[in-house]
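Here is a short tour of side-chain packing and pairing for you to follow on screen. Have the viewer ready and pick out the residues as they come up.

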Amino acid sequence: RIIDWLYRWFFLAGRPTITVSERLTETFCRRYLATRVYTVANGINLKTFYPDPNPELRHSVGNRKILFLMARGDHYRKGFDIALDVLNSLDQRVWDIVELWICGDRVDTNFPFPVKHFGVVSDDKLRQLLSTADIFFYPSRHEGFGLFPLEAMACGCVPVVTDALPYANFVECMQVAPVGNVQALKQMIVTLLDDRNRLDYLRQQAIRDATKFDLQNSKELFCR
């Protein structure tokens, strides 16, 4: 309620506002009758995130596909419990073709397929992990914007996400499910694991799509 009151006080004064997505702009205009709201989408640093696979890591998993999960920040907002429900629901036939990589907080897991924990890593290491992985799993409940999926895309990792991301339905490579829909998220992962040609196509599309979110463009728009 305090935050809501502060928003109302701010917008009542007619101060200019910059948001990171059209969804936020529309919300502020509708809920608070804001009139001076401008949208500048966030961007990613394409000099930091780009395809940079690690051959040794790739070789270590054999023919398995790599599913990448970020476990840091607000676990509820990021839907980490949803991620665990999805992973626990994977069918037995998937167990031999997938390996799970987790960055961030260590998670107690007992999955019937291999799991690697990498902890908190540098941007350079994260770039290598994302570039080597195949699928980036991000079942968030709420996002103001969401940079992690874009960083994954820039590295050629296909995002499986929810429609909590304000841009998700406008990006070709993204596999999008309703927030909290465990079955839909599971099916998207299984489909990608089963269809190598589709996964390869979407990996290349992800790299192309990521260029639309260049941080340099965001900086220039913000200045204007």
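Asp4 counts as partly exposed, because its relative accessibility is 28%. In this predicted model, the side chain of Asp4 meets that of Arg8 in a salt bridge, 2.9 Å from N to O. From there, the bullets below go through the other salt bridges, the aromatic pairs and the nonpolar parts.

**Salt bridges**

- The whole structure holds 11 salt bridges according to the search.
- Arg8 and Asp4 both sit in helix α1 and are 4 residues apart, about one turn of the helix.
- Arg8 is partly exposed, since its relative accessible area is 42%.
- A salt bridge of 2.8 Å (N to O) brings together the side chains of Arg141 and Asp81. This pair links distant parts of the chain, 60 residues apart: Arg141 is in the loop between β6 and α6 (148–154), and Asp81 is in helix α4 (residues 80–88).
- Both ends of that bridge are partly exposed, Arg141 at 24% relative accessibility and Asp81 with a relative accessible area of 35%.
- Lys116 and Glu99 meet through their side chains in a salt bridge of 2.4 Å, N to O. Because Lys116 lies in strand β5 and Glu99 in strand β4, the pair ties together parts that are 17 residues apart in sequence.
- Is Glu99 buried or exposed? Glu99 is buried, as its relative accessible area is 4%, while its partner Lys116 is partly exposed with 26%.
- Asp52, Asp124 and Arg127 are joined into one network by salt bridges that share partners.

**Aromatic pairs**

- Searching the whole structure gives 15 aromatic pairs.
- One of them is the stacked pair of Phe68 and Phe136, with 5.7 Å centre to centre and 25° between the planes. Phe68 belongs to strand β3 (residues 65–71) and Phe136 to strand β6 (residues 135–138), so the pair ties together parts that are 68 residues apart in sequence.
- Phe68 is buried, with a relative accessible area of 0%, and Phe136 is buried too, with 1%.
- Trp101 and Phe118 form an edge-to-face pair, 5.2 Å centre to centre with 65° between the planes. Since Trp101 lies in strand β4 (residues 98–104) and Phe118 in strand β5 (residues 115–119), their pair ties together parts that are 17 residues apart in sequence.
- Trp101 is buried at 0% relative accessibility, whereas Phe118 is partly exposed at 21%.
- Tyr7, Phe10, Phe11, Phe28 and Tyr32 make up one aromatic cluster.

**Nonpolar cores**

- Which residues have the most contacts inside the largest nonpolar core? They are Phe68, Phe137 and Met174, in a core of 63 residues.
- Leaving aside residues up to four places away in sequence, Phe137 touches Leu67, Phe68, Leu69, Ala83, Val86, Val160, Leu185 and Ile189.
- A second core of 5 residues is separate, and Phe11, Tyr32, Ala34 and Val37 are among its members.

**Nonpolar surface**

- Ile2, Ile3, Trp5, Leu6, Tyr7 and Trp9 make a nonpolar surface patch of about 690 Å².
- Ile3, one of the patch residues, is found in helix α1 (residues 2–12).
- Why does Ile3 count as exposed? Its relative accessibility is 53%, and exposed means over 50%.

Terms used. Residues are numbered from 1 along each chain as its sequence is written. This is a predicted model: local features need pLDDT of at least 70, side-chain atom pairs count only at pLDDT 80 or more; totals for chains, interfaces and linings use all residues. Side-chain values use heavy atoms; hydrogens and water are left out. A nonpolar core is a set of buried Ala, Val, Leu, Ile, Met, Phe, Trp, Tyr and Cys residues joined through side-chain atoms within 4.5 Å. Buried means under 20% relative accessible area, exposed over 50%, partly exposed in between (1.4 Å probe, protein chains only). Contact means heavy atoms within 4.5 Å. Patches are made of residues with over 30% relative accessible area and no salt bridge: like charges are joined within 9 Å, nonpolar side chains (Val, Leu, Ile, Met, Phe, Trp, Tyr) within 5 Å. Accessible areas come from the Shrake-Rupley method with a 1.4 Å probe; for residues, only the protein chains shown count as cover. A salt bridge is a side-chain nitrogen of Lys or Arg within 4 Å of a carboxyl oxygen of Asp or Glu. Helices (H or I, at least four residues) and strands (E, at least two) are DSSP runs, numbered from the N terminus. Rings of Phe, Tyr and Trp (its six-membered ring) pair if their centres lie within 6.5 Å; planes under 30 degrees apart count as stacked, over 60 as edge-to-face and the rest as tilted.
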